[in-house]
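Welcome! Here is a set of short exercises for getting to know a new structure, each followed by a solution that goes step by step. Try each task by eye before reading on.

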Amino acid sequence: MNDARRRAETLGAIAVGLALSFTRAPAQVGPRSGAGPRLVEEAGADPQVVAAVSDSKALGYSNNHKFLVDAAGTAYLAVRTRAPAGGARICLLRSAGRWPEASRFDSAWLEDRPGVEVSTAPQRAASIALAPDGSVDLAWYGGSVLEPAHQIRCARFVADPALRVAEETQPFTVPGFEQVYLGLLTGDELWQEHPCLAAGPAGSLYLVWEGRDPKRRNAAGLPQPGVAWAVRDPVLGWSPSGTIEAPRYAQVDARFPSQSRPTIVAGAAGEMHVLCHGSVGGVQQILHGVLRDRAFSGWTVPCPSPNDQRYVSAASDGAGRVCFVWREQAEGGGYVSYASLDRGGRLEGPMRVSPAGELASTPSVAVSGGTVWVAWVAWAPGAVNSEGKLDNGFPAEAGAVEGRVEITSRRTGAASFGPAIPVEAGPAAYPTWARMSDALHAPEALLWTRVEPGPLGPASQFQLLLARVGAR
């Protein structure tokens, strides 16, 4: 076990479960004058502590949809944290009533089920989507002690009336892990990783993930990642299913040899937009492609750059516009950029979002009512996170990304985004906007993880904070 992982396990032992009642937390907000976003100035509108979690990656990573509000105003969020019985596991939280009036969240954990064992090995970050019948689907990646290869796993949660897990499956299995990873295992070997879910047309469910197989390897002999996809039909089930020789990759070839950390959003005409970062000429670039009628368009590079681009988040509006944000490399660090594609594929941007003089990463984006909202983590150059990594390990940022949480917004047609507004002084991590089923549920909902330093310096407590955000 490496030092970072051992440190995370030690810190995780501090939090034995989720605190499921809201408590008040002081607001950490910038000036309230001028244009731009703000925390809603209403009684009880300060950020609220939703739960105690075991580490700052409870909401990691930025590509995954993990927070939604349905048409009835019920909020759902998927969290990876230490379960009361031990071990990193997935918990689904549901507001007990309409958000933001609800005063508490109910919870339900993943359980050991036939064919899906979750208690003997860490389960990794989940993505959620809302089904037409009101149930909530989850996809995550994990394994067990006896089968350490990460595989994609799925679950369905229902409320009847108590929230509970109704089904857990491993819809397909990619074999060959043992052919690639010989010798002693560390637990950090990559196989099937980083899934993201989105509801498609006619009750279908689309899944994208960072897939691998034993035949596609890089020069070092390690499996080469590529974005893979699958579809669940409401009648026929998952395609693919069962044991498959290799994932169904979107596009892997000489020009696009590898891709990582995909996200997926539904378009206005039933198409599904897939974005990720991938190698183009040896440089990581944001890639975009479209799944339509279960056929992939091929990758394009919407904002080509000599800089390293990673960690994309995307959202779409009713007009078919897809808005996306990512971390762009700069000398000594990174900043957040924004662009959008309209229904005809016309590009707007890129625009720099985060201000000069700070480093920034792990952005999240939401769009509703003609306004684009962006949140990210920012820090001063030279900052060290709770895992001891300088500048959060830039440019890989593979571990915890911590700093202060900032937000900004932009109306459609505006020349630029408004000023950056600090929401949490930090250290904090992985802000994520709710996916809204009904745009009338404004203000926007923003969730993040607060990192509380201990008396001797290292982080000792981690909390999920939830805030309402509106326009000035």
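## Exercise 1: Around Leu77

Leaving aside its neighbours within four places in sequence, Leu77 is in contact with Lys66, Phe67, Cys91, Leu92, Leu93, Phe105, Ile128, Leu447 and Leu464. The model you are looking at is predicted.

**Task.** Find which residues have the most contacts inside the largest nonpolar core, and how many residues that core has.

**Solution.**
- Step 1. The largest nonpolar core has 51 residues.
- Step 2. The residues with the most contacts inside this core are Phe67, Leu77, Val79, Leu93, Leu207, Leu464 and Leu466.
- Step 3. Go back to the contacts of Leu77: Phe67, Leu93 and Leu464 are among them.
- Step 4. Another core, of 19 residues, lies apart from the largest one; it includes Ala250, Val274, Leu287 and Trp299.
- Step 5. As background, nonpolar side chains tend to be buried together in soluble globular proteins.

## Exercise 2: The sheet that holds Phe67 and Leu77

**Task.** Work out which residue in S5 stands opposite Phe67, and which strands are at the edges of the sheet.

**Solution.**
- Step 1. Strand S4 covers residues 67-69 and strand S5 covers residues 75-82; the two run antiparallel and are joined by three bridges.
- Step 2. Opposite Phe67 stands Leu77 in S5.
- Step 3. Widen the view to the open sheet of five strands, whose order is S7-S6-S5-S4-S30 and whose pairing is mixed.
- Step 4. At its edges are strand S7 (105-109) and strand S30 (435-436), each of which pairs on one side only.

## Exercise 3: Is Ile128 buried or exposed?

**Task.** Decide whether Ile128 is buried or exposed, then list residues it touches.

**Solution.**
- Step 1. Locate Ile128 in strand S8, which spans residues 127-130.
- Step 2. The relative accessibility of Ile128 is 3%. Buried means under 20%, so Ile128 counts as buried.
- Step 3. Not counting residues up to four places away in sequence, Ile128 touches residues including His65, Phe67, Tyr76, Leu77, Val136 and Leu197.
- Step 4. Ile128 is also 9.6 Å from Arg156, C-alpha to C-alpha, with their positions 28 residues apart in sequence.

## Exercise 4: Following S15

**Task.** Find the strands that pair with S15, and say how S15 is joined to S16.

**Solution.**
- Step 1. S15 takes in residues 226-233 and is mostly covered, with six of its eight residues buried.
- Step 2. Strand S14 (residues 205-211) pairs with S15 in the antiparallel sense over seven bridges. Here Gly211 has Gly226 in S15 as its bridge partner.
- Step 3. Strand S16 (residues 237-239) also pairs with S15 in the antiparallel sense, over three bridges. Ser239 in S16 is the bridge partner of Val231.
- Step 4. The link from S15 to S16 is a hairpin, through three residues.

## Exercise 5: Edges of a four-stranded sheet

**Task.** Explain why S18 and S21 each have one side without a neighbour in the sheet.

**Solution.**
- Step 1. The open sheet has four strands in the order S18-S19-S20-S21, with antiparallel pairing.
- Step 2. Strand S18 (259-266) and strand S21 (295-296) stand at the edges and each has a single partner strand, so one side of each is left without a neighbour in the sheet.
- Step 3. Between S19 (residues 272-280) and S20 (residues 283-292) there are nine bridges, again antiparallel. Val280 stands opposite Val283 in S20.

## Exercise 6: Aromatic pairs

**Task.** Describe two aromatic pairs by the distance of their centres and the angle of their planes.

**Solution.**
- Step 1. The whole structure has eight aromatic pairs.
- Step 2. Phe177 and Tyr181 form a tilted pair, 4.9 Å centre to centre with 45° between the planes. Both residues of the pair, Phe177 and Tyr181, are buried.
- Step 3. Tyr338 and Phe417 form an edge-to-face pair, with 5.1 Å between centres and 75° between planes.
- Step 4. This second pair links distant parts of the chain: Tyr338 is in strand S24 (residues 333-341), and Phe417, 79 residues apart from it, is in the loop between strand S28 (402-411) and strand S29 (421-433). Tyr338 and Phe417 are both buried.
- Step 5. Ring pairs also link Phe177 and Tyr181 with Trp191 in a cluster.

Methods: Residues numbered from 1 in each chain as written. Predicted model: local features only at pLDDT ≥ 70, side-chain atom pairs only at ≥ 80, totals over all residues. Heavy atoms only, no water. Buried < 20%, exposed > 50% of the residue type's maximum accessible area, 1.4 Å probe, protein only. Pairing = 2+ DSSP bridges. Contact = heavy atoms within 4.5 Å. Core = buried A, V, L, I, M, F, W, Y, C linked by side-chain atoms within 4.5 Å. Phe/Tyr/Trp six-rings, centres within 6.5 Å; stacked < 30°, edge-to-face > 60°.
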